[in-house]
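Dear colleague,

I am passing on the structure we spoke about, and I would be grateful if you would look through it with the notes below beside you.

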Amino acid sequence: MSAVTGAVRVAPPGNPIIRSIRDSLVVAKRNLIRMSRIPEMVIFGVIQPVMFVVLFSYVFGGSMTVGGTTDPAVYREFLMAGIFAQTVTFATAGAGAGIADDMHKGLIDRFRSLPMARGAVLTGRTLADLVQTALTLAVLAVVALLVGWRTHTSIGEVLGAFGLLLLLGYAFTWVGALIGLSVRTPEAATSGGLIWLFPVTFISNAFVDSSRMTPWLRHVADWNPFSATVQASRELFGNPGVSQSDAWPMQHPVWASLIYSVLIIVIFRTLSVRKYRSATA
Amino acid sequence: MPGAIYAEGLVKTFGDVRALDGVDLDVPEGTVLGLLGPNGAGKTTTVRCLTTLLRPDRGKAVVAGIDVLKDPDAVRRSVGLSGQFAAVDEYLTGRENLQMVGQLYQMRAKAAKARAGELLEQFHLTEAADRPAKTYSGGMRRRLDLAAALVVSPPVMFMDEPTTGLDPRNRQELWGVIKQLVSGGTTLLLTTQYLEEADHLAHDIAVVDHGRVIARGTSDQLKARTGGERVEVVVHERERIPDAVEVLTGFGKGETTVEEHTRRLTVPVAGGAKLLAEVIRELDTRGIEIDDIGLRRPTLDDVFLSLTGHLAEVRDEAEANGIAADAKGRGRGKEGAK
Ligand SMILES: Nc1ncnc2c1ncn2[C@@H]1O[C@H](COP(=O)(O)OP(=O)(O)O)[C@@H](O)[C@H]1O
Ligand SMILES: [Mg+2]
């Protein structure tokens, strides 16, 4: 067997954590290169929330009551945290479609045949999506400023709000990863990644004042993980319409948002990595 | 001591489908095994089990001296896999693809870069190296995929139908690449649906059907069982069949079979195209008019026919129907000759 072992040029595994980080970054880089070569996807990803900003603030603004007023300017400020939060969750579909596409094209098989860290393919993908989400969010914030959105707090609080938003988006890409590994085609992953986002983002405090919902819907909205991040961002931006509900997540939105996001990451990362290890195209 | 690739009693079921039904393999170090079988025989499943992508329900597998089930990560460090479909990222350039794979084999970025350059040259991809793989032809993608499997010069390689879907020119070229590779001492398991390919590349052939190895041997041994090359002639006039039989028997190394209703005569030969030319000349000299003539090499179908008495069953319906009809036609021919 000497000839066999002699030919191996592969270093034995080093520190598993360092290896995992390194492999994840290699895969993240690969996905970022891909994204840069399909700029249409990135551009559509930006146009969609910009459209939402414009439609919601100019079509709905004026007919929405927030904090006892129907002033469109107030609604616009109220709205932005909701749109930001919805935008970051759309990354779910991108992650799912990307991973389903890799399965479909046999790339997951190639990765699984390599001596790389087990979770790195998925972590790399979610990290690349995080970069894209951050870019989209930056463009969106500029558009929001242009239509009159303002923050009324310290820079630290504003950055904190964006941090929570990105964390939520990152958590949702792990849901997308699991969807991508569970369906047969990238198309199914895209629709599967989007469909459930509508109830999640609409039965919340994102676009309307949840205190005006029927009691059971209000209950769902108050405990919706998505609402916690919206509430936290609104509070940290100093924007109007912060919910006065005594539900715990509405009273402690920053903590609630952190806990929810971390929980989602832990649960869906575990499930996804397990699924990945046995994935068959 | 078991060979570089060793499997014993591999079983894998998917629901009701018994994809592997006790596969045994033993590939000595530095040799090439051709795993020959029709669609759905279990070739891909075998490769996936041996490369840690699938866990067999039962059985034992040892690759490069490492137990596949006990230490899959060590196996991954010692094998290269080129799957049934070229697994390259089409938005990355050829160079980027190879660099990424190198890094994921835990090479340093610089070493991965240098290795990518070497491989691109070796696989004649230098010119296209910095174009996205999306722009590559089927043959180029296949070469890139093979190069990716070779990044660390693994001692054991698996190639799943490396030339399926390629045109003859690309196939020839890839054969050259594979031959060069194994001349360096790599142990290779290659799956194929073409006897010709196994014949060309493999030292030994294992024929698989329904998840089992139904025959093994060198290609000469298998061909001996199938009768090797044949000349087939379709005579224009029924009355001239006896004359034609006389000619063919003169050139052949066995009995000439006759299919009366199609006026088709078949005789086993040795001598290839040159002999075919002589047969044509002789028929012409005797004024025997022919509608068709050709040299037939044994195919997977012939191997199956001789091993199992039936043709390779293809689980794809449309194809299965076509082949079944064909089988009947040839079956009658055989009976007619008796
Ligand atoms: N992931 C899978 N799920 C269900 N059935 C499968 C799966 N993979 C293979 N099979 C079945 O197992 C059998 C063997 O397939 P495969 O190993 O791909 O054959 P080959 O590569 O020789 O064409 C086929 O009947 C195929 O349909
Ligand atoms: Mg196959």
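**The contact between the chains**

Please bear in mind throughout that this is a predicted model. A good place to begin is the salt bridge that A:Arg37 forms with B:Glu96, in which the closest N and O atoms are 2.8 Å apart. As for the elements that give two or more residues to the side of chain B that touches chain A, these are α2 (72-78), β6 (79-82), α3 (94-104) and α5 (138-149) of chain B. The most is given by α3(B), which brings five residues to that side of chain B. By class, the residues on the side of chain B that touches chain A comprise 21 nonpolar, nine polar and 11 charged.

Taking both partners together, 41 residues of chain B and 35 residues of chain A take part in the contact. The area buried between chain B and chain A comes to about 3,600 Å², and carbon and sulfur atoms give 57% of it. Between these two chains the count of salt bridges is seven, while the residue pairs in polar contact, with both residues at pLDDT 80 or more, number 15.

**The surroundings of ligand 1**

The other part of the model that I went through is the shell around ligand 1. Which residues come nearest to this ligand? Of the 12 residues around ligand 1, they are B:Gly40, B:Gly42, B:Lys43, B:Thr44 and B:Thr45.

For three of these residues I can give you distances to oxygen atoms of the ligand. In B:Gly40 a backbone N or O atom lies 2.6 Å from an oxygen atom of ligand 1, whereas in B:Thr44 a polar side-chain atom lies 2.7 Å from an oxygen atom of ligand 1. For B:Thr45, an N or O atom in the side chain is 2.5 Å from an oxygen atom of the ligand. Ligand 1 exposes 550 Å² when taken alone, and the protein buries 69% of that area.

Turning to the elements behind this shell, β2 (17-27) and α1 (43-50) of chain B each supply at least two of its residues, and the largest share, three residues, comes from α1(B). Divided by class, the shell around ligand 1 holds five nonpolar, five polar and two charged residues.

I would be glad to hear your thoughts once you have had time with the model.

With kind regards

Technical notes
Residues numbered from 1 in each chain as written. Chains lettered and ligands numbered in written order. Predicted model: local features only at pLDDT ≥ 70, side-chain atom pairs only at ≥ 80, totals over all residues. Heavy atoms only, no water. Contact = heavy atoms within 4.5 Å. Buried area = accessible area lost by both parts, 1.4 Å probe. Salt bridge = Lys/Arg side-chain N within 4 Å of Asp/Glu carboxyl O. Polar contact = N/O pair within 3.5 Å; in protein donor to acceptor, adjacent residues only side chain to side chain. Helix = DSSP H or I, 4+ residues; strand = E, 2+ residues; numbered from the N terminus. Nonpolar A, V, L, I, M, F, W, Y, C, P; charged D, E, K, R; others polar. Near = heavy atom within 4 Å. Areas by Shrake-Rupley, 256 points an atom, 1.4 Å probe, with all protein chains shown as cover.
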